[in-house]
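User: I would like a close look at a single part of this chain, with enough of its surroundings to place that part in context. Please go through it in one connected answer.

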Amino acid sequence: PTLFPDAALLAGVPEDILCFSRSFEDLTCFWDEEEEEKASRMCHFYYWDAPKACTVSTWHHVAGGTRHVCVFPSQDVRLFTQLHLRVLDTTMNQTKYWRELSVDAVGLIAPPANITAHWSGAAGQLYVSWQPPLADYPNFFLYEVRCCPASSPEMSCSTALDPSGQHRGDPSIQPDVSTHTPKYGAAAASPGVGQGLVQANTWVVLQDLQPGTRYHIQVRSKPDGTSMDGVWGPWSQAVAAETPRSSGDIGLCCSTPDLQHVRCEWTWDPTEPHSSHQLFYRPPPSGAGTRGDAWQQCEEVSVGAQGTHTCTFQPRAGSAISVLVNITRPHTPPTLSYFKESFWLHQAVLTEAPQLVQATVSQGRLSLEWLPPLEALA
């Protein structure tokens, strides 16, 4: 019933007496009885090292039947100590249910704290981070991440698995691309995969997401089974993050005439006059665990015929370039972002025409001589 909304998470535990601990400093045990059992039986609940009776509260299921609950006194909750539980049928003077357990093996832990999600700076990727659910046990948990488009029903949410094996550091460090090799064949963190090993890290980069899509992301916790054990806890409240749209949607093309400057051009509906356009550029983030350079704004956006917008800038030498165009409009959504995957200058050369030096005709032959448009590429 409403007493334990998370009790359904214990449905797969093959025990008559079900127990859980939310913090490893508490313990609750319960068992259910059908309606017909209730009238004929009187049961007591004992636990020991030295036998103690627990004061049992009884709750009625909406669908019939009852749930008997023992909340252990805190002084009797000790980690790594074997507890013996017994439900005694006093009418028949015989044991009805029996179980041995240790508090550290029945964790049912709240979701992680301070979950954040934002675009990672690379195409189709979101960076998600969180803090452990119990500050006293920071390194004892596995985490599972669920990610689904905000527009879809929750059943289509996919489970994404953390592929990155080694990062347990400053949560303010924002890795943009996960470059670690997955441990034990763990799946890449691509929603829709949902197979493999869930990792103990407190961050993940979700990959292979759709461009221009708002996602809802949830995380849940489970003791890792090494020092502590238990079952998967409830899913967190969803946090939202959005991937930018594809640069192809606005025909964004960038090229360099001289291997120093970059000229970017894109088109926008000329009948929408109240939109403002900004272009940003930066080197792509260099890998997991690093904070990318800040975006720099291209200062002089000009508008040509048929809604053509251009901007020219000089990027940092010797680095690839990522480009982001933000278009702000008076209606919803107010800002649309378009991301162009990173490229190198030498991949985007578009020079002026070569300079013709001379043309001569001799005996029916035309001879041409010209200068290369860019000496560096002669």
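Which residue in β6 does Trp31 stand opposite?

Analyst: In this predicted model, Trp31 stands opposite His68, a residue of β6. The two strands concerned are β2, which covers residues 28-33, and β6, which covers residues 66-71; they run antiparallel and are joined by six bridges.

This pair belongs to an open sheet of four strands, in which the order is β1-β2-β6-β5 and the pairing is antiparallel. The edges of the sheet are taken by β1 (18-20) and β5 (57-60), and because each of these has a single partner strand, one side of each is left without a neighbour in the sheet. On average, and with direction ignored, neighbouring strands of this sheet are turned by 25° against each other.

Side chains also connect β2 with β6. Asp32 forms a salt bridge with Arg67, and the closest N and O atoms of the two are 2.8 Å apart. Since Asp32 lies in strand β2 and Arg67 in strand β6, this salt bridge ties together parts that are 35 residues apart in sequence. The partners differ in their burial class: Asp32, with a relative accessible area of 32%, is partly exposed, whereas Arg67, with a relative accessible area of 8%, is buried.

A further salt bridge involves the segment before β1. Here Glu15 pairs with Arg99, with the closest N and O atoms 3.9 Å apart; for a salt bridge the cut-off is 4 Å. The pair links distant parts of the chain, as Glu15 belongs to the segment before β1 while Arg99 sits in strand β8 (residues 94-102), 84 residues apart. Glu15 counts as partly exposed at 33% relative accessibility, and Arg99 is buried at a relative accessible area of 9%.

The structure holds 11 salt bridges, and another of them can be set beside those just described. Asp293 forms a salt bridge with Arg316, the closest N and O atoms being 2.6 Å apart. Asp293 lies in the loop between β21 (276-282) and β22 (296-298), and Arg316 in the loop between β24 (308-313) and β25 (321-328), so the salt bridge ties together parts that are 23 residues apart in sequence. Asp293 is partly exposed, with a relative accessible area of 33%, while Arg316 counts as exposed at 52% relative accessibility. Elsewhere, Arg214, Glu242 and Arg245 are joined into one network by salt bridges that share partners.

For the chain as a whole, the secondary structure comes to one helix and 28 strands. Of its 378 residues, 43% are buried. Among contacts with a separation of 6 or more, 64% are between residues 24 or more positions apart. The accessible surface comes to about 19,800 Å², and carbon and sulfur atoms account for 51% of that surface.

A word on confidence is needed as well. The chain has a mean pLDDT of 84, and 84% of its residues reach 70 or more. Over residues 162-188, however, the pLDDT is below 50, although this stretch has 81 contacts in the model beyond near neighbours in sequence. Residues 191-196 also have a pLDDT below 50, and that stretch has 15 contacts in the model beyond near neighbours in sequence. Where pLDDT is low, the predicted coordinates should not be read in detail.

Key:
Residues numbered from 1 in each chain as written. Predicted model: local features only at pLDDT ≥ 70, side-chain atom pairs only at ≥ 80, totals over all residues. Heavy atoms only, no water. Pairing = 2+ DSSP bridges. Axes fitted to C-alpha atoms, helices over the stretch in contact; angles between N-to-C directions. pLDDT = per-residue confidence, 0-100. Contact = heavy atoms within 4.5 Å. Buried < 20%, exposed > 50% of the residue type's maximum accessible area, 1.4 Å probe, protein only. Areas by Shrake-Rupley, 256 points an atom, 1.4 Å probe, with all protein chains shown as cover.
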